[in-house]
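Ready to work through a fold with your own eyes? Take a look at the protein below, then try the exercises.

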Amino acid sequence: MRKQKSRGKGKDDRADGIGRRLDPMWMQLIASKAHNGTPQKKLLKADVAKHASETDMWMILGDMVYDVTTFRTFHPGGVPSLMKAAGDDGTQWFSSVHPWVNIEAILGPYCVGTLVQELPAKSPSSPSQGSPTASEEASANLAAVWEVLVEKSGGQVTVQHVRDMLFELEMDTESIDKIPKLKESPVTPVSSEMFERIFHSL
């Protein structure tokens, strides 16, 4: 049995989660999560600043605002790392630590609104728009994960690509082999519809 080498902190600040894997339970939660707070809500920086504690943490990433309170227990870098941008703009920090991560894929359902410089004037005659259904939001989140997989595979997703992704999420071989499609040849193409059926069978 090979002895696993211990990994300590290096100059890249391992406390930020560099080199660590995201808990696979988080991606399963994301794929099934429907969040009622929609990007239709307009927020100022002052609004975000009110949510800067470990138990109530919002963060600006790009032009969107996310509630990362639930994510804090799954974040590879832990709570202290997230607190660096709690209630503030974390775009530059996020990009410098893990620029390859698709924000929408891991935080999509927790988007609480769009960042604006000032709130638009209210129009009493404007018709209200309906919020997305739970099914629509779940499908959108799974689609975001699929897009990441397509990008990594160069445009042609195969059985091997899906197996590799599940291994990265630390799913054991026995569980993966229970899925009939994943027992096929590694070069067998996988469509987005098949990927959705595979994911829902996990």
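Here are four exercises, each with a worked solution. This is a predicted model, in which local features need pLDDT of at least 70, side-chain atom pairs count only at pLDDT 80 or more, and totals for chains, interfaces and linings use all residues. Residues are numbered from 1 along each chain as its sequence is written, and side-chain values use heavy atoms, with hydrogens and water left out.

**Exercise 1. Get an overview of the protein chain.**

Step 1: Start with helices and strands, which are DSSP runs numbered from the N terminus (H or I, at least four residues, for helices; E, at least two, for strands). The protein chain has 9 helices and 5 strands. Along the sequence they come in the pattern α-β-α-β-β-β-α-α-α-β-α-α-α-α.

Step 2: Now check burial, where buried means under 20% relative accessible area, exposed means over 50% and partly exposed is in between (1.4 Å probe, protein chains only). Out of 202 residues, 40% count as buried.

Step 3: Look at contacts, meaning heavy atoms within 4.5 Å. Among those with a separation of 6 or more, 70% link residues 24 or more positions apart.

**Exercise 2. Work out how the strands pair up.**

Step 1: Two strands pair if DSSP finds at least two bridges between them. Strand 2 (residues 52–53) pairs with strand 3 in the antiparallel sense over 2 bridges, and Ala52 sits opposite Met57.

Step 2: Move on to strand 4. Strand 3 and strand 4 are antiparallel too, with 4 bridges, and Trp58 faces Asp67 across that pair. In their hairpin, with 2 residues between the strands, Gly62 takes a positive phi near 70 degrees.

Step 3: Finish with strand 5 (residues 111–115). Strand 4 (residues 64–67) joins strand 5 in the antiparallel sense over 3 bridges, while strand 1 (residues 42–43) runs parallel to strand 5, with 2 bridges. Thr114 of strand 5 is the bridge partner of Met64 and also of Lys42.

Step 4: Ask how covered these strands are. In strand 5, 5 of 5 residues are buried. Strand 3 has 5 of its 6 residues buried, so the rest of the structure largely encloses it.

**Exercise 3. Compare Asp63 with Thr188: which is buried and which is exposed?**

Step 1: Find Asp63 in the loop between strand 3 and strand 4. Its relative accessibility is 57%, so Asp63 counts as exposed. Setting aside residues up to four places away in sequence, Asp63 touches Thr114 and Leu115.

Step 2: Find Thr188 in the loop between helix 8 (173–177) and helix 9 (192–200). Thr188 counts as buried because its relative accessibility is 17%. Beyond its neighbours within four places in sequence, Thr188 is in contact with Val157, Thr158, Val159 and Lys181.

**Exercise 4. Explore the nonpolar cores and helix 7.**

Step 1: A nonpolar core is a set of buried Ala, Val, Leu, Ile, Met, Phe, Trp, Tyr and Cys residues joined through side-chain atoms within 4.5 Å. The largest one has 36 residues, and Leu107, Val162, Leu182, Val190 and Phe195 touch the most other members. Apart from it lies another core, of 7 residues, including Leu43 and Ile60.

Step 2: List the buried residues of helix 7: Val159, Val162, Arg163, Met165 and Leu166. Viewed down the helix axis, they fall within an arc of 160 degrees (taken from the directions from the axis to the C-beta atoms), so they line one face of helix 7.
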